[in-house]
Amino acid sequence: MSMSLDLLFTAIQQARSKAELRSQVIPSIGEYFSATRRAVFFFDELLANDPTLQTILNTALSIDRNPVARYLAERHAPVHEAMVTTPKTWQLICPRADHWHVMAGPIVHRGNIVRAIGCTRARSMPAFNHDNLVDLSAICLHISGWMAIVEATKNCDTDAPVLGINTGSQAVRQCLTARELQIAELVALGKTNAEIGTTLWITENSVKQALKRMFRKLGVSSRAAMVAKLANIN
């Protein structure tokens with residue numbers, strides 16, 4: 001028997017880390033929705049250059065190829081495949097038998113989607129419905145709140161700087177927005193504008209415009225100069 005919503009909410013609040021949330025809470029969420037498969041995607045882990053997650057973002061979760069991912073990115077709201085495409089089209093996008101029905105919801109932190117919860121059902125199972133979306137929305141809200149608490153208490157190191165960029169310095173915080181800091185981290189990792197857009201679920205043009213603003217704020221004219229300056233700010 002699956003957990004009730006109340007028990008799921010309690011389990012979320014008692015999780016002490018991303019690993020515990022993924023290993024203990026997410027399986028229970030999958031059981032609650034009678035899902036064939038379930039997962040939570042931690043987009044910030046792409047900063048560690050994980051090729052597996054990068055492949056997932058470039059294919060299954062690409063906002064250009066997957067209308068479910070696009071809806072999620074644009075609206076920050078739970079969605080299932082029947083809301084955004086026809087069954088015939090969905091089969092072409094995702095022909096896997098265990099992904100016949102798909103539902104996904106966003107985990108939001110500081111105004112950005114940092115995670116997504118995905119559940120799938122096989123062809124022989126009922127499609128996800130409005131009530132499922134309402135329940136997933138509540139679950140995502142609780143996990144987003146959990147994120148804020150964990151970040152505040154430093155129990156989850158999801159904002160750790162990479163490649164020496166001092167994103168924790170007061171000067172950087174005052175100069176760049178949270179989104180611009182994410183872009184700076186990815187630039188430092190050698191990502192192209194297209195790759196940055198895919199990772200952050202924004203358009204390539206949005207990345208270009210953000211870089212122009214960042215260059216202007218920092219008084220630089222190139223990506224290399226920006227990374228070097230950020231690495232030396234303290």
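Here are three short exercises on this predicted model, each with a worked solution.

**Exercise 1. Decide where the model can be read in detail.**

Start with the whole chain: its mean pLDDT is 81, and 78% of its residues reach 70 or more. Next, look at the extremes among the elements. Strand E2 (residues 79–80) has the highest confidence, at 96, while helix H3 (residues 51–58) has the lowest, at a mean of 56. Then turn to residues 154–164, where pLDDT stays under 50. The model does have 22 contacts beyond four places in sequence for this stretch. Still, low pLDDT means that predicted coordinates should not be read in detail.

**Exercise 2. Place Ile107 and work out whether it is buried or exposed.**

First, find the residue: Ile107 lies in strand E3 (residues 101–109). Second, check its relative accessible area, which is 0%. Buried means under 20%, so Ile107 is buried. Third, list its neighbours beyond four places in sequence; among them are Ile113, Ile117, Cys140, Ile143 and Met147. Finally, try a C-alpha distance: Leu141 is 34 residues away in sequence, yet 7.3 Å away in space.

**Exercise 3. Trace the largest nonpolar core.**

Begin with its members: there are 26, and Ile29, Phe33, Ile117, Ile139 and Ile143 touch the most others. Now assign the core to elements. Helix H1 (5–14), helix H2 (18–32), E3, strand E4 (112–121) and helix H7 (130–152) each give two or more residues. H7 supplies the largest share, seven residues. Take Ile139 as a test case: beyond four places in sequence, Ile139 touches Leu5, Leu8, Phe9, Ile12, Ile29, Phe33 and Ile117. To finish, look for a second, separate core; this one has 20 residues, including Ile183, Ile196, Leu211 and Phe215.

How values were computed: Residues numbered from 1 in each chain as written. Predicted model: local features only at pLDDT ≥ 70, side-chain atom pairs only at ≥ 80, totals over all residues. Heavy atoms only, no water. Helix = DSSP H or I, 4+ residues; strand = E, 2+ residues; numbered from the N terminus. Buried < 20%, exposed > 50% of the residue type's maximum accessible area, 1.4 Å probe, protein only. Contact = heavy atoms within 4.5 Å. pLDDT = per-residue confidence, 0-100. Core = buried A, V, L, I, M, F, W, Y, C linked by side-chain atoms within 4.5 Å.
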